[in-house]
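Here are a few short exercises on charged side chains. Keep the 3D view open and try each task before reading its solution.

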Amino acid sequence: MSDEEHEHETFEAAGAGASLTFPQQCSALRKNGHVVIKGRPCKIVDMSTSKTGKHGHAKVHLVAIDIFTGKKLEDISPSTHNMDVPNVKRTEYQLVNIDDGFLNLMDGDGNAKDDVKVPDGDLGKEIKAAFEDGKDLLVTVVSAMGEEQAMSYKEAPTKG
């Protein structure tokens, strides 16, 4: 293995934020925060705590929406237990092109990124339409747990 390859590998491991999730005590989770339910990164939309019997522990009932599929998931966990919280990253990219169902994006440093699919549904249609109109678009890509998806877009401010 050449030095270059070796360096690249170490950088990847460090650059990936070391871990996809971090533990957090259930009682410390907050509405609008993130949590992993059934192996999926979710945003908490509702949570309630119920006291159980005399010697039981308080249980936290979480209602959350999968940040990628929009599906509603629920979980109940003792408040003292740790739950995984996904490391969620939002990055804004400039849209350079749309090619074969993929967005060709560029970050602020000029690095190309072309492995993000055009989102399904209206968002994808809107991005395509705006792009075809010749608008300069900034696309926000959310990544969590090794998955990423374009979540929103806006018109880039015109430099003048």
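**Exercise 1.** Count the salt bridges in this predicted model.

*Solution.* A pair qualifies when a side-chain nitrogen of Lys or Arg lies within 4 Å of a carboxyl oxygen of Asp or Glu. With that criterion, the structure holds 7 salt bridges. Some are joined up: Arg40, Asp66 and Glu147 form a network of salt bridges.

**Exercise 2.** Find which parts of the chain are tied together by glutamate 92 and lysine 154.

*Solution.* Start with the contact: the closest N and O atoms of glutamate 92 and lysine 154 are 3.1 Å apart, and the two form a salt bridge. Next, place each partner: glutamate 92 belongs to strand β7 (residues 89-99), and lysine 154 to strand β11 (residues 147-155), so the pair links parts that are 62 residues apart in sequence. Finally, look at the surface: glutamate 92 is partly exposed at 38% relative accessibility, and lysine 154 is partly exposed too, at 44%.

**Exercise 3.** Decide whether lysine 113 is buried or exposed, then do the same for its salt-bridge partner, aspartate 115.

*Solution.* The salt bridge between these two side chains spans 2.9 Å from N to O. Buried means under 20% relative accessible area. Lysine 113 has 14%, so lysine 113 is buried. Aspartate 115, at 48%, counts as partly exposed.

**Exercise 4.** Repeat the analysis for lysine 135 and aspartate 133.

*Solution.* Their side chains meet in a salt bridge at 4.0 Å, N to O. Lysine 135 has a relative accessible area of 35% and is partly exposed. Exposed means over 50%, and aspartate 133, with 58%, is therefore exposed.

Notes
Residues numbered from 1 in each chain as written. Predicted model: local features only at pLDDT ≥ 70, side-chain atom pairs only at ≥ 80, totals over all residues. Heavy atoms only, no water. Helix = DSSP H or I, 4+ residues; strand = E, 2+ residues; numbered from the N terminus. Buried < 20%, exposed > 50% of the residue type's maximum accessible area, 1.4 Å probe, protein only.
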